Amino acid sequence: MSRHPEVLWAQRSDKIYLTVSLPDAKDVSVKTEPQGLVSFSAKGPHDELFDFTLELYGRIVPEGSKVNIGLRNILCSVQKEQKAWWKRLLQSDGKPAPYIKVDWNKWCDEDEEESMKLELASDDGDGGLGREEDDDSSDDEGMLYLPDLEKAGGN
């Protein structure tokens, strides 16, 4: 009998990122099909079988998909056929399985992706320095509160 590993997901306009949490995985197999099917199987550290199949919201480009097998997890980057934000990960309208969760560490909203591109494009010259100075001043403001916290903890 097989089990489901935890799957974390995030997206950009052109990709879906899947992180499969399975330390010391062996015999890892990830298959992608154009209609949006992603199939995963692997053996865990005690030779137990882990697998899942996802029917993604939209079509994908299997040739543009990449898999990176690490010690603790398997990272899958799945290229979307059309550059667009999906309203959900899966084609089905219902609640996803409990082993599928949002990867908040990689999550990016539509408007954040655009602003990140603009920041990277204007990172040369004075534009980058202005932002750094703004960031420093906000850090300094945060430091003003530290002495108050220390005094409160010392009493």
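This report walks through the two sheets of a predicted model and then its salt bridges.

**The five-stranded sheet**

Let's start with the sheet built from five strands. Its order is E6-E7-E2-E1-E8, and it is an open sheet with mixed pairing. The strands at its edges are E6, covering residues 60-69, and E8, covering residues 100-102, and each of them pairs on one side only. Going from one strand to the next, the twist averages 25 degrees.

If that word "pairing" is new to you, here is the idea: strands of a sheet pair through backbone hydrogen bonds, and they can do so in a parallel or an antiparallel way.

You can look at one such pair in the model. Strand E2 (residues 15-21) and strand E7 (residues 73-80) run antiparallel, and seven bridges join them. To find your place in the picture, look for Val-20, which stands opposite Ile-74 in E7.

**The three-stranded sheet**

Now for the other sheet. Three strands, in the order E3-E4-E5, make an open sheet with antiparallel pairing. Here the edge strands are E3 and E5, each with a partner on one side only. The twist averages 5 degrees from one strand to the next.

Let's follow the chain through these strands. E3 and E4 pair in the antiparallel sense over six bridges, and Ser-29 stands opposite Ser-41 in E4. The two strands form a hairpin with three residues between them, and Gly-36 in the turn has a positive phi of about 105 degrees.

Next comes the step from E4 to E5. These strands also run antiparallel, joined by seven bridges. Leu-37 has Glu-55 in E5 as its bridge partner, while Val-38 is partnered with Leu-54 in E5. This hairpin has five residues between the strands, and Asp-47 takes a positive phi near 60 degrees.

Which residues of E4 lie on its covered face, and which on its uncovered one? Val-38, Phe-40 and Ala-42 make up the covered face, whereas Leu-37, Ser-39, Ser-41 and Lys-43 make up the uncovered one. So the bridge partners you just met include a residue from each face: Val-38 is on the covered face and Leu-37 on the uncovered one.

**Salt bridges**

Time to switch from backbones to charges. Side chains of opposite charge can pair when their charged atoms come close. How many salt bridges does the model have? The count comes to seven, and the table shows some of them.

| Salt bridge | N to O distance |
|---|---|
| Lys-26 and Asp-47 | 3.0 Å |
| Asp-93 and Arg-88 | 3.4 Å |
| Asp-103 and Lys-106 | 3.8 Å |

The pair of Lys-26 and Asp-47 brings us back to the three-stranded sheet. Lys-26 sits in strand E3 (residues 26-33) and Asp-47 in the loop between strand E4 (37-43) and strand E5 (49-55), so this pair, 21 residues apart, links distant parts of the chain. Lys-26 has a relative accessible area of 35%, so it counts as partly exposed.

Is Asp-93 buried or exposed? Asp-93 counts as exposed because its relative accessibility is 67%, and the cut-off for exposed is over 50%. Its partner Arg-88 is partly exposed, at 23%.

Asp-103 tells another story. Its relative accessibility is 6%, so Asp-103 counts as buried, since buried means under 20%. Lys-106, on the other end of this salt bridge, is partly exposed with a relative accessible area of 28%.

Methods
Residues numbered from 1 in each chain as written. Predicted model: local features only at pLDDT ≥ 70, side-chain atom pairs only at ≥ 80, totals over all residues. Heavy atoms only, no water. Pairing = 2+ DSSP bridges. Helix = DSSP H or I, 4+ residues; strand = E, 2+ residues; numbered from the N terminus. Axes fitted to C-alpha atoms, helices over the stretch in contact; angles between N-to-C directions. Salt bridge = Lys/Arg side-chain N within 4 Å of Asp/Glu carboxyl O. Buried < 20%, exposed > 50% of the residue type's maximum accessible area, 1.4 Å probe, protein only.
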